[in-house]
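User: Please take me through the reasoning behind the structural labels in this model. I should like to see how each label follows from its definition.

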Amino acid sequence: MFFYPIYFDYTYILVIIGFVITAWASINIKSTYAKYSQQRAQCGLRANEVARAILNSANIYDIRIGRINGNLTDNFNPKNCIVSLSDSVHDSTSIAAIGVAAHECGHAIQYHEGYSLIKIRNTIVPIVNVGSSLSLPVILIGVLIGMSNIVTFGIFLFSLTLIFQLITLPVELNASSRALEILKTSGQFTPNELSGAKKVLTAAALTYVAAAFSTLLQLLRLVLIFGGKSNKRR
């Protein structure tokens with residue numbers, strides 16, 4: 001009877017860690033949103049009405065409030081000048097929905113005021129999309145033909161995703177901060193309601209932190225695996 005040695009790729013530990021962190025962040029945002037979706041704001045305003053009031057308070061009148069299909073598909077499109085609120089948010093009076101709507105208005109205010117990081121993020125989006133799709137093929141080609149420079153370039157292309165996520169994080173935090181400040185100064189929400197909205201937005205922000213950390217671990221894994229192989233082929 002012959003026994004073959006089992007090779008264990010220790011870098012899979014990084015994959016597992018990244019998966020656990022992102023899974024926790026996903027579960028956390030879903031549970032937090034579900035909790036505050038059941039709590040209604042005493043003012044009785046719907047999320048779309050709050051969004052309109054926020055934009056008006058910032059002297060922004062050329063941005064429309066629209067509806068978009070899906071759940072938590074909310075976004076702000078600067079090209080069309082539309083804050084799109086999902087079906088579960090648009091007409092809801094829940095604290096969670098109001099927090100989400102306020103956050104998207106925070107992005108609209110960022111554009112209106114020329115917030116630099118959001119401009120940088122949007123500028124590099126096409127580059128990041130190309131880099132993320134080509135990174136692994138480029139790395140594999142470099143390994144196969146024994147060209148360490150190509151491998152390094154492929155890893156660099158992958159790192160663009162991490163750079164994008166690191167820029168996105170402060171953009172998202174800033175949008176939430178702007179939104180919460182406006183909700184606070186409006187005087188229409190109680191301290192408990194503001195606290196609930198903040199918890200929803202904080203949970204959402206943690207998903208960006210988890211995504212960035214997971215990408216960092218993937219980048220480290222690529223360096224450990226392919227970086228070593230490229231060095232051997234020099």
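Analyst: The following exchange sets computed values against the definitions behind them. This is a predicted model, in which local features need pLDDT of at least 70, side-chain atom pairs count only at pLDDT 80 or more, and totals for chains, interfaces and linings use all residues. Residues are numbered from 1 along each chain as its sequence is written, and side-chain values use heavy atoms, with hydrogens and water left out.

User: Why is no disulfide assigned to Cys81?

Analyst: A disulfide is a pair of cysteine sulfur atoms within 2.5 Å. The closest cysteine sulfur to that of Cys81 belongs to Cys105 and lies 13 Å away, which is too far for a bond. Seen from Cys105, the closest cysteine sulfur is that of Cys81, again at 13 Å and too far. The count by this rule is therefore 0 disulfides.

User: What makes Cys105 buried or exposed?

Analyst: Buried means under 20% relative accessible area, exposed over 50%, and partly exposed in between, with a 1.4 Å probe and protein chains only. Cys105 has a relative accessible area of 0%, so Cys105 is buried. Cys81 has a relative accessibility of 26% and therefore counts as partly exposed.

User: Why is strand β3 described as largely enclosed by the rest of the structure?

Analyst: Strands are DSSP runs of E with at least two residues, helices are runs of H or I with at least four, and both are numbered from the N terminus. Strand β3 covers residues 82-86, and 5 of its 5 residues are buried, so β3 is largely enclosed by the rest of the structure. Ile82, Ser84 and Ser86 point one way from β3, while Val83 and Leu85 point the other way, and all are buried.

User: How do you know that β1 and β2 are paired with β3?

Analyst: Two strands pair if DSSP finds at least two bridges between them. Strand β1 (residues 64-68) is joined to β3 by 5 bridges, and these strands run parallel; Ile65 stands opposite Val83. Strand β2 (residues 75-77) is joined to β3 by 3 bridges, and these run antiparallel; Asn75 has Ser84 as its bridge partner. Both bridge counts satisfy the rule, so both pairings are assigned. β2 and β3 form a hairpin with 4 residues between them, and Cys81 in the turn has a positive phi of about 55°.

User: What makes the largest nonpolar core a core, and which residues have the most contacts inside it?

Analyst: A nonpolar core is a set of buried Ala, Val, Leu, Ile, Met, Phe, Trp, Tyr and Cys residues joined through side-chain atoms within 4.5 Å. The largest such set has 34 residues, and Ile54, Val89 and Leu183 have the most contacts inside it. At least two residues of this core come from each of α1, α2 (47-57), β3, α4, α6 and α7. α4 gives the largest share, 10 residues. In soluble globular proteins, nonpolar side chains tend to be buried together.

User: Why is one space called a cavity and another a pocket?

Analyst: The search uses a 1 Å grid over the protein atoms alone: a cavity is a set of points where a 1.4 Å probe fits but cannot get out, whereas a pocket is an open set with protein on both sides within 12 Å along at least five of seven lines. Lining residues have an atom within 4 Å of a point. Grid points are joined across faces, edges and corners, and a volume is the space filled by probe spheres set on the points. The whole structure has 1 cavity of 30 Å³ or more; the largest cavity holds about 40 Å³ of space. The largest pocket has a volume of about 350 Å³.

User: Which residues line the largest cavity, and where is Ala41 placed?

Analyst: The lining consists of Ala41, Ile95, Ile98, Leu183, Phe189, Glu193, Leu194 and Ala197. α7 supplies the largest share of this lining, 3 residues. Ala41 is in the loop between α1 and α2 and, at 7% relative accessibility, counts as buried.

User: Which residues lie nearest the centre of the largest pocket?

Analyst: Of its 17 lining residues, Leu72, Val100, Glu104, Ala204 and Tyr208 lie nearest the centre. α7 supplies the largest share of the pocket lining, 6 residues. Leu72 is in the loop between β1 and β2, and its relative accessible area of 40% makes Leu72 partly exposed.
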